[in-house]
Amino acid sequence: MSLLIGSLTIGLILALLALGIFISFRIFDFPDITAEGSFTFGASIAAALIVIGANPLVACMGAFIAGMLAGALTGIIHTRFRINPLLAGILVMTALYSINLHVMGRSNIPLLNKTTLFTWIETFSNGISGEMAKTVVLGWEVQVKDLWTLLFCFLGVTIFCLIIWWFFRTNIGTAMRATGDNDQMIRALGVNTKRMIVIGIALSNGLIALAGATLAQYQGFADVQMGVGMMVWGLASVIIGESIINDTSVGFVIIGAVLGSIVFRLLVAIALRWGLNPNDLKIITALFVFIALILPGIMKNKKKLTFKKKANA
Amino acid sequence: MLKIQNIKKTFNAGTINEVKALQNVSITIEEGSFVCVLGTNGSGKSTLLNAVAGTFLIDEGSISLDGTEISKWGEHKRATLIGRVFQNPFSGTAPNMSIQENLALAMKRGKKRGLGWGLPKSLTQDFRNLVKPLNMGLEDRLESPIGKLSGGQRQALTLLMSTALKPKLLLLDEHTAALDPKTASKVLDLTHQVVSKDNLTTLMVTHSMQQAVNMGDRIIMMHQGQIAYDFKGEDKKRLRVNDLLTLFDELRRKENIDPTVSALLMEHYV
């Protein structure tokens, strides 16, 4: 049970990553691999700030801003210098690797015995129900502080979902969605599409950095490698979410991304529990996304074939 | 009033594929005038339109609209003054967004887009009234995505969107060329209504000489990046499709003769 609660919590934290990927990949159709760098960037900035005694919320804020800067840089490289989106992302991601090492001063920073968002929650829980308090959920004994952590993560993600949902229904947000849908059309309606892309990718990477910052605090350390494979991870979440919730309106797609992140994390936890070698996790994730990407096309072809057969018969 | 002075544009300058698309084109279009632009393929008629719209920046010359010099402006900035309908019905609308969202985007053409609600409830009734005269039943489908509509419906909507806020200039780039004849004539009727209602200054590129004869008060015929003929007033009214065909033949003959003649001259004199 504590495994389940842990998976749900990490799933919720990584939902912020999924939301970021949803913005770059689905709204702007921009395969933004900066994510891998900005995830670690957020973690390292937050960890470095927390180590020098900063308030965890300030640390998160710093991570968000740092992520936005990284994203804006990718956006500017793409729009001003006409460099392919993938290459622009790779450039920034590679540069961030060095920057992350400089920020942390070494390849990882432990956050044990430091004040983080999660030690706050623990203190809060201890204050209400006493230290090491346990309770029974569905017949399983779990720690109360784990439940509080889950609840706070859920609240946090809900707030972010509402903000994003609101943003993409404002005038500027609608213009951003149109930029991804048909940039020629929205330019003819007077929108500077380059600026929209820069702001959008910045926002996306801000969220991704925040996910990194939160995860670092949850697991108690920041590591220079923790961003590896995060883009595909986020993509898998978005794709799972889309298949769970079959609706293209902004609100539902956002809910889908969050659900997808949780479900994907659960699937991974189950697979690991059943004895999947953790080293194989990335190849399985990559295969999964590959299949999810080509499946709709195959289904369509199959439909066409059966239709043709019927027509011939 | 649109004033184009000595504009030049060369694509792929200095390479084998060099194309002199616009060579010293000058024209002044009065307020409220409806100009049809004719020409063979590659004559520069679409290039002229795109030069005004700002799809690319011109090499030389000036373009001014209502006294404002716009030739250095980017495409999106020019869109504050200019409404456009494209040849491809897919180009003018965002397919995955609903009809009302597309219309709402158009109601903000060239205005500042901030954090206000993108689709205020108050606009929905306006939109119903706006699309009802189209007689396409769209007033009941405002929430469905535009990608589900036919090319004609999308083109009609694009026309409404480009003129929802009165533009200083309306650019129509063969906007009926991709439609079947019946739908094309419907969209043309709509064009006529929309343009005459607000007395819009319009520049329409077309392949159809019949359209050019029937519509507008001026015809420009382009050839090899230059304006070959320009008819307005009574001359334009007298013009018939056959006259235009004769002019086209004349242009083509000139084009064929020139190289042969020069070859003959070479033979005799060199």
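**Chain B and its open sheet**

Val85(B) sits across from Leu172(B), a residue of strand 7 of chain B. That pair is a good way into this predicted model, so to speak a doorway to the sheet around it. Chain B contains 9 helices and 10 strands, and 6 of those strands build an open sheet.

**Around the Val85(B) pair**
- Strand 6 and strand 7 (residues 169–173) of chain B run parallel and are joined by 4 bridges.
- Helix 5 (residues 151–163) of chain B packs on the sheet, where it touches both strand 6 and strand 7 of chain B.
- The direction of helix 5 makes about 175 degrees with that of strand 6 of chain B.

**The sheet as a whole**
- Reading across the sheet of chain B, the strand order is 6-7-8-3-9-10, with mixed pairing.
- Strand 6 (82–85) and strand 10 (226–232) of chain B each have a single partner strand, so these two stand at the edges and one side of each has no neighbour in the sheet.
- From one strand to the next, the twist averages 20 degrees.

**The chain overall**
- The C-alpha trace of chain B spans about 80 × 40 × 35 Å along its principal axes.
- A compact globule of 270 residues would have a radius of gyration near 18 Å, and the 21 Å of chain B agrees with that.
- Of the 270 residues in chain B, 40% are buried.
- Among contacts in chain B with a separation of 6 or more, 70% come from residues 24 or more positions apart.

Technical notes:
Residues numbered from 1 in each chain as written. Chains lettered and ligands numbered in written order. Predicted model: local features only at pLDDT ≥ 70, side-chain atom pairs only at ≥ 80, totals over all residues. Pairing = 2+ DSSP bridges. Axes fitted to C-alpha atoms, helices over the stretch in contact; angles between N-to-C directions. Contact = placed C-beta atoms within 7 Å. Rg over C-alpha atoms; globule rule 2.2 N^0.38 Å. Buried ≥ 20, exposed ≤ 12 C-beta atoms within 10 Å, placed from the backbone.
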